[in-house]
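Good morning, colleagues. I should like to take a few minutes to present two regions of one model, a strand with its neighbours and a pair of helices.

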Amino acid sequence: MGRGGYHSSRAEFLSDEAILKYNRNGGCFVTTKKAIAFVIFALASLLAVVLLMYYYGPNRGEQKVIKESNDIEKLINDTLNENVPKEEWRLPNTLYPLRYTLKIHPILDEYSDKNFTFTGRVKILVKCLEETNRIVLNWDDLNITDSDVRVYTIKQVRIDSEAVPEHPGKAKRDLNAVEDDATTTTISTEEVPTTELFEETTTGTEPPDTTTAPVLETTTESSLIKTELIPWLVREITRDEENFKITIHTRKNLKVGENYTVDIKFSGQLLNNLVGLYKSHYVDLTGRTKWLATTHFQPIYARRVFPCFDEPKFKAPFKISIARRTNMTALSNMPLKQTEPMNETSGWVWDHFEETPPMSTYIVAFTVSDFESISSESTTAGPVVKIWAPKDDLSQAHYALDVTHELLPFLEEYFDIKYPLPKLDMLAIPNFGKGAMENWGLMKSSLLFDPNSRSIKTKSFIMARIVHELAHQWFGNLVTMEWWSDLWLNEGFGTFMAEVAITKLRPRWHAYSSVKIRDTYNTLYFDTLKSTRSIQTDIENNAQIEQIFDTIIYQKGSSILKMLNYTLSESIFIRGIQHYLKKYSYQSSTQDDLWALFTKTAQNQSIIPNTVTVKALMNSWSTQPGYPYITAMRNYSGAEVVINQTKMTEDTNITTDALWYVPVTYMTKNNDQVRITWLEDQRRTVLQLNTTANDSWLLLNIDETGFYRVNYDTRNWKLLVQQLRRDPGRIPVANRGQLIDDAFQLANAGIINYTIAFDLVKYLHITEPNYIPWYSALRNMEELRVIISNYEYSGLYDNFLLKLVKPMFHELTTTERQHDTQNEKLLRLHIVTSACKLRYGPCIDWARVQYYEWIRQPDPDERNPISVDYRFIVQCSAIKSGGPIEWDFLWNRTLSPSIAPVDLQTAYLSLGCTYDPWLINRYLEYSLSGNISLEYVPYVWQSINHPVGVRTGFQFLRLNWERIYDTYEDIYLVFSTIFHDFVSQLSTEVDLEDLTTFYKLHQTDLKSVSTILQGTVDRMKIRIKWKTKHLESVVNWLKRNKY
Ligand SMILES: [Zn+2]
């Protein structure tokens, strides 16, 4: 999956992924679940009463507060430790799927009693690898009647043309019935009914084209072959809802080496829950609602649509058939092979698609919609590329089409493998506002771009998404990780490739590299939290699979691949990747397989020291949580520098033995040639500089290619500050940003004094022309602002920030100039955003003028005079400084069917900027009552990220918990955003106490977000500690410096 989001709110980094959770409201298990829910509710209520009595009783003291706060960490850990043993939740290795034949009939019938359902039938040809009498498949919330489950073997018997049938006495029988007699019965294929969902063919016994999976025996003389089905009797069928498994127990054991067909009919609901096979809709320009059915299977939702081996290593070819009305279009991974009328139902047809190569279940996809497509003639032979979108939006699909045509040959050359499928469809799903999905041959993303908007931000964002998902067509789809514990390889690589492709193909977009640098700051921050984990991670239960699609996997994965690319050299890195993809095509692999090939490729190249292997180097980064900070202590009387590594933690009291293989790059003021020295799994090394000049600074981690922070002795920090004030250009721009980020984070951890960090940023308004260092500084200072806003020093601190920003605000102004560079555009946007957030008068006045110009438009839905990139800050400022009139105007715009997805997202992020508690309450109520599309609800919670919003929102959350839980419990996208992005804005002891009480009351409800809550609690604790550790000294510094 890809990560989206390009908004300037901090939330952009946190929740872009469309990580979606199953909806368990449908299906036939509602009764049981509701019953369980009721019991849990009753127990929770009882607990609530007890707690309330305890809490508000006469004996409650301050000690209690502290104890409660400490409790939450333990409570969350207890929840997380309730793991299901591995053997019970994973699939056994007794069987391997050889081929799926899948037929699905989705019904999108809003007219006749709102019938949104689907029926289907799957036949899975499996090979038995170990003798067993259990066929275990993944399954979730599908209705399956026991009598619709069959198992049989197919025997092919050589006959001559005059032979009589072997079993002439057998009557025709319904193969859907489970055989009751214990004897093996042979039935000829001619007797199988063909008018059902399936027609029987003998092709099920053909071998897969290319696979390392067990292969069937073949026969070529089909004219002399008779196919017979031999039922394998089913003793019973058991279901394990907790682990999403259905087990077919056979009377006799399946034999090693034999092939069997598992044939299951099923049905399910098309819900608006964004996972599995779900319904979605859009409103066309005439105001009509149009429905579509579409899929999202990653990571564990294929099992909601058909029973299957839903783990990535079980790769098999798929023959997919989809039923549709004649006025709709069906799409799947492969091109359409044949359309066949549905005999019994007029107006409906079956679309049969070509068979896929062997692939994992999570990238299977299909869609039924009335979308139309554009395509263009490619100059080179390659796959047919089409972009599909609602008819009215097609004019905005050309950018994505052009970019894809440009990227395909680039990636084919990079991987040295042609795009593996004959076609590539890309769907612009309406309201698929977050993330993207790399389904093989049928990618999904929000990729519409209005060429009139001229927003390079949006352009680079769409391009990055397309590169990411396209890269997965090879890295992920062609070669797949064996298990989700190696997910970081897929996602890290997709993210890394976006940077590579954009740097190569759009060298003038410095913007993208800055996005990467911003992501790095963010990842370094999250990887310092106590609850962080290694990117290669054990997964103990299904809930964890959903929770691993996070910043750490994507960004740290990408960062350490970038470090390897830089360390090995690009040419060797590319060769290693090519070897890997060729060797493991159509198979699955592990990270060790990749490291082994890199080691082989890098051998005898003298790139890394003989004592370092790629595996040891990369394992130190991928299997350990966190990262080190490198300390350089210089001996100014000589040329020696002692280089030391220590694990970076937010709490210096925590000591660890963790060590990394660190390529330490460096340069000095007197010698700007980049050199490298290594810390090879060792604490310390000594570096000899070739300068002893006392005024020559030393700089480490050049261009921030290494995933670590750097600390210096105080004198070197001062030399660097002097350089920045005099001529920042001598220090690479990425390092200028890094120096600031490192200084703030080292100060926060108590490793250096805040004075160094504040002294460092004071150069910005004097000499810094680049966006990156500004971004780094404002990001760090904004985080401190969140904490300080709880105390009486907020005004003092805001003065300091404003003094920094004001000169640049007036220099750049709010007007875009014709010859602005990309850097100037970004810097202006960022400075204006900061100034308005600080409620700087001239900025607010400008925003209100802009907003009122929009309000005055006769057709505001058709014409918005505000420049696209400035819409958020203008809308946010106008709403914050205005009242219901400003709020209602924007809200009404969100109701227009013609609003572009990007504007809708911006509007939702802006509506939460109001400081009126009643407007915030009404906004949250709108979102909870279904007035906002589910995909956009996360933006509502992200938008209320200011002091008034956080207090009001947290109160709303507690007052309306039962409704919130009922509405979003299975919509992980919303649920996770609330607890990751919103709740983490809380930052005082009292907040933590309240959160603990809330957690205790709803512990069971919150199980699916326990991992997320761990990080949220860590962040709250850092802020609480910050107050004790640093508030006084920072306030003193501000006062001393007369702010
Ligand atoms: Zn991805």
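A residue is called buried here if its relative accessible area is under 20%. Please keep in mind that this is a predicted model. With that cut-off in place, let us turn to strand β1, which spans residues 95-109. How many of its residues are buried? The count is 14 of 15, and the strand is thus described as mostly covered.

Next, the pairing partners. Strand β2, residues 115-128, pairs with β1 in the antiparallel sense, and 14 bridges connect the two. As one point of reference, threonine 101 has lysine 123 of β2 as its bridge partner. β1 is also joined to strand β12, residues 318-325; here the strands run parallel, with 5 bridges between them. In that pairing, phenylalanine 318 of β12 stands opposite tyrosine 100.

I now move to the helices. Helix α18 comprises residues 794-812, and helix α30 comprises residues 1010-1040. Their axes come within 10 Å of each other and cross at roughly 55 degrees. How, then, are the two helices oriented to each other? Angles of 65 to 115 degrees count as roughly perpendicular and those under 35 degrees as roughly parallel; α18 and α30 are therefore oblique to each other. Their crossing is left-handed.

Which residues make this contact? On α18 they are Leu796, Tyr797 and Phe800, and on α30 they are Val1035, Trp1037, Leu1038 and Lys1039. Sorted by class, the contact has 6 nonpolar residues, 1 charged residue and no polar ones.

Thank you for your attention.

Definitions and conventions
Residues numbered from 1 in each chain as written. Predicted model: local features only at pLDDT ≥ 70, side-chain atom pairs only at ≥ 80, totals over all residues. Heavy atoms only, no water. Buried < 20%, exposed > 50% of the residue type's maximum accessible area, 1.4 Å probe, protein only. Helix = DSSP H or I, 4+ residues; strand = E, 2+ residues; numbered from the N terminus. Pairing = 2+ DSSP bridges. Axes fitted to C-alpha atoms, helices over the stretch in contact; angles between N-to-C directions. Parallel < 35°, antiparallel > 145°, perpendicular 65-115°, else oblique. Left-handed = near helix turned anticlockwise from the far one by under 90°. Contact = heavy atoms within 4.5 Å. Nonpolar A, V, L, I, M, F, W, Y, C, P; charged D, E, K, R; others polar.
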